[in-house]
Amino acid sequence: MRLLVVEDSAPLSAALLKSLTREGYICDHAGDGEAALRFIEVYEYDLVVLDLMLPQLDGFAVLRAIRQRSFPTWVLVLSARDQVADRVAALDAGANDYLVKPFALDELLARLRALSRRPTDDPRPVLTHGELHLEILSRVARWQGEDLQLTPKEFALLELLLRSRGRVMSRTQIFEKLYASATNSSDKAVEVIMSTLRAKLTKAGAGDPVQTRRGFGYVIA
């Protein structure tokens with residue numbers, strides 16, 4: 001899932017990015033409100049972790065901008081403002097959750113997992129396609145019980161296509177889900193990941209569940 005961290009504290013943002021990347025999120029970082037607006041104008045984020053007290057523009061202005069977009073981004077406010085009135089104001093402005101600093105990392109991760117379980121998503125910790133099983137929390141893919149030994153990008157690609165079952169996704173859409181904005185890679189990397197993923201599935205005897213729609217993209221029906 002693609003996630004934007006909007007936080008002006010360099011030590012905190014660095015720690016968050018490290019932890020969230022380790023959990024499998026594709027993360028971008030904005031250090032002020034104006035930078036956050038530039039990011040959300042270009043990319044579609046599944047989740048935004050948003051501080052309220054920001055330089056340039058405050059978190060409420062960023063939150064209003066997010067809510068003006070049609071894409072249903074989920075927003076977790078992460079703020080030192082701990083008064084009930086602050087929480088009420090943020091939730092009324094469109095935040096989905098509110099966590100007060102200082103916070104426990106495990107709680108933040110749990111709240112993000114809860115937010116990511118949208119009604120249209122499969123809420124179970126395992127995604128299946130026939131005898132292909134993706135264990136989301138442990139990040140393991142199995143075919144007939146055998147570990148496929150997927151790389152993080154291969155796993156993320158397969159998870160994305162299974163969660164979007166029946167929806168054709170273009171190479172550009174997939175690239176934006178799998179890579180942060182600061183990457184030096186191009187969207188041609190998607191073809192490489194797709195090739196190695198298909199090779200591992202075929203070698204394991206799983207066949208190739210991914211259909212290529214030429215000129216459009218990829219889909220698991």
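# Exercises on a predicted model

Ring pairs tie F39, Y43 and Y45 together as a cluster. Keep in mind that this is a predicted model. Let's work through some of its details.

## Exercise 1: the aromatic rings

Work out how the rings of Y43 and Y45 are arranged in their pair.

*Solution.* Start with the whole structure: a search turns up three aromatic pairs. Now take Y43 and Y45, whose ring centres are 6.1 Å apart, with the planes at 65 degrees. Planes over 60 degrees apart count as edge-to-face, so this pair is edge-to-face. Next, check the surroundings: Y43 is buried, and Y45 is buried too. Finally, look for a charge at Y43: the charged end of R2 sits over the ring, 4.2 Å from its centre.

Before moving on, find the ring that has the charged end of K153 over it. That ring belongs to Y179, and the distance to its centre is 4.3 Å.

## Exercise 2: the order of the sheet

Find which strands stand at the edges of the four-stranded sheet.

*Solution.* First write down the order, which is β6-β7-β8-β9; the sheet is open and its pairing is antiparallel. Then look at the partners: β6 (126-129) and β9 (146-147) have a single partner strand each, so one side of each is left without a neighbour in the sheet. Those two are the edge strands. Last, see what packs on the sheet: helix α6 (residues 152-163) touches β6, β7 (132-135) and β8, and its direction makes about 110 degrees with that of β7.

## Exercise 3: walking through the hairpins

Follow the chain from β6 to β9 and name a residue with positive phi in each turn.

*Solution.* Begin with β6 and β7, which pair over four bridges in the antiparallel sense. H129 stands opposite L132 in β7. Two residues lie between the strands of this hairpin, and G130 takes a positive phi near 65 degrees.

Step on to β7 and β8, again antiparallel, with four bridges. Here H133 faces R142 in β8, and E135 stands opposite V140. This hairpin has four residues between its strands, and R139 in the turn has a positive phi of about 60 degrees.

End with β8 (residues 140-143) and β9, joined by two bridges. R142 stands opposite D147, while W143 has E146 as its bridge partner. Two residues separate the strands, and Q144 in the turn has a positive phi of about 50 degrees.

One extra step: sort the residues of β7 by face. L132 and L134 are on the covered face, H133 and E135 on the uncovered one.

## Exercise 4: two helices side by side

Decide how α2 and α3 are oriented to each other.

*Solution.* Locate the helices first: α2 covers residues 33-42 and α3 residues 59-67. Their axes come within 9 Å and cross at roughly 10 degrees. Angles under 35 degrees count as roughly parallel, and α2 and α3 are therefore roughly parallel to each other. To see where they meet, look at G33, A36, L37 and I40 in α2, which face V62, A65 and I66 in α3.

## Exercise 5: an acidic residue in α4

Is D86 buried or exposed?

*Solution.* Find D86 in helix α4 (residues 84-92). Its relative accessibility is 14%. Buried means under 20%, so D86 counts as buried. Then list its contacts: leaving out residues up to four places away in sequence, D86 touches R81 and Y98.

How values were computed: Residues numbered from 1 in each chain as written. Predicted model: local features only at pLDDT ≥ 70, side-chain atom pairs only at ≥ 80, totals over all residues. Heavy atoms only, no water. Phe/Tyr/Trp six-rings, centres within 6.5 Å; stacked < 30°, edge-to-face > 60°. Buried < 20%, exposed > 50% of the residue type's maximum accessible area, 1.4 Å probe, protein only. Lys NZ or Arg CZ within 6 Å of the ring centre and 35° of its normal. Pairing = 2+ DSSP bridges. Contact = heavy atoms within 4.5 Å. Axes fitted to C-alpha atoms, helices over the stretch in contact; angles between N-to-C directions. Parallel < 35°, antiparallel > 145°, perpendicular 65-115°, else oblique.
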